Amino acid sequence: MNDTTKYVVSSTLVTNTWSNSTIVGSYDSETIQRVKDSSDGGIYVSGSGTLVRALIADGLIDELHLFVYP
């Protein structure tokens, strides 16, 4: 996990404490598109249904894998 590049979408986080992470700021579809365009391969979203819903609404999801745990 520490070696993986991480992009953090947050309106409140200002200090970056994780290795290899970049705070992109509040959700903005143009910023997310730039991150997608600069990334080699897929981007995995973990732990934010709100972010995923916004990405879907803005047409920024190319492929969706849903994992449901009982």
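## Close-up views of a small β-β-α-α pattern

**View 1. The side chains of strand S1 alternate between two faces.** In this predicted model, the side chains of Lys 6 and Val 8 in S1 point to one face and are buried, whereas those of Tyr 7 and Val 9 point to the other face and are not buried. Such alternation between the two faces of the sheet is what a regular strand shows in general. Strand S1 covers residues 6-9, and with a mean pLDDT of 91 it is where confidence is lowest in the protein, while helix H1, residues 29-38, is where confidence is highest, at 93.

**View 2. Strands S1 and S2 are joined by bridges.** The two strands run parallel, and four bridges join S1 to S2. At one place along this pairing, Val 9 stands opposite Gly 25, which belongs to S2.

**View 3. Ser 21 is a buried residue of strand S2.** Strand S2 spans residues 21-25, and Ser 21 lies within it. Ser 21 counts as buried because its relative accessible area is 11%, which falls under the 20% cut-off. The side chain of Ser 21 reaches the backbone oxygen of Trp 18 at 2.7 Å. When residues up to four places away in sequence are not counted, Ser 21 touches Lys 6, Val 8 and Asn 16; Lys 6 and Val 8 are the residues of S1 that point to one face and are buried.

**View 4. Asn 20 sits in the loop between S1 and S2.** Is Asn 20 buried, exposed or partly exposed? Asn 20 is partly exposed, because its relative accessible area of 42% lies between the limits of 20% and 50%. Its side chain reaches the backbone oxygen of Asp 3 at 3.4 Å, and, leaving aside neighbours within four places in sequence, Asn 20 is in contact with Asn 2, Asp 3, Thr 4, Thr 5 and Lys 6. Asn 20 and Ser 46, which are 26 residues apart in sequence, are 16 Å apart in space when taken from C-alpha to C-alpha.

**View 5. The whole protein gives the setting for the close-ups.** The protein has two helices and two strands, and its C-alpha trace spans about 30 × 30 × 25 Å along the principal axes. Of its 70 residues, 17% are buried, and the protein exposes about 5,700 Å², of which carbon and sulfur atoms supply 51%. The mean pLDDT of the protein is 89, and 99% of its residues reach 70 or more.

Technical notes:
Residues numbered from 1 in each chain as written. Predicted model: local features only at pLDDT ≥ 70, side-chain atom pairs only at ≥ 80, totals over all residues. Heavy atoms only, no water. Buried < 20%, exposed > 50% of the residue type's maximum accessible area, 1.4 Å probe, protein only. Polar contact = N/O pair within 3.5 Å; in protein donor to acceptor, adjacent residues only side chain to side chain. Contact = heavy atoms within 4.5 Å. pLDDT = per-residue confidence, 0-100. Pairing = 2+ DSSP bridges. Areas by Shrake-Rupley, 256 points an atom, 1.4 Å probe, with all protein chains shown as cover.
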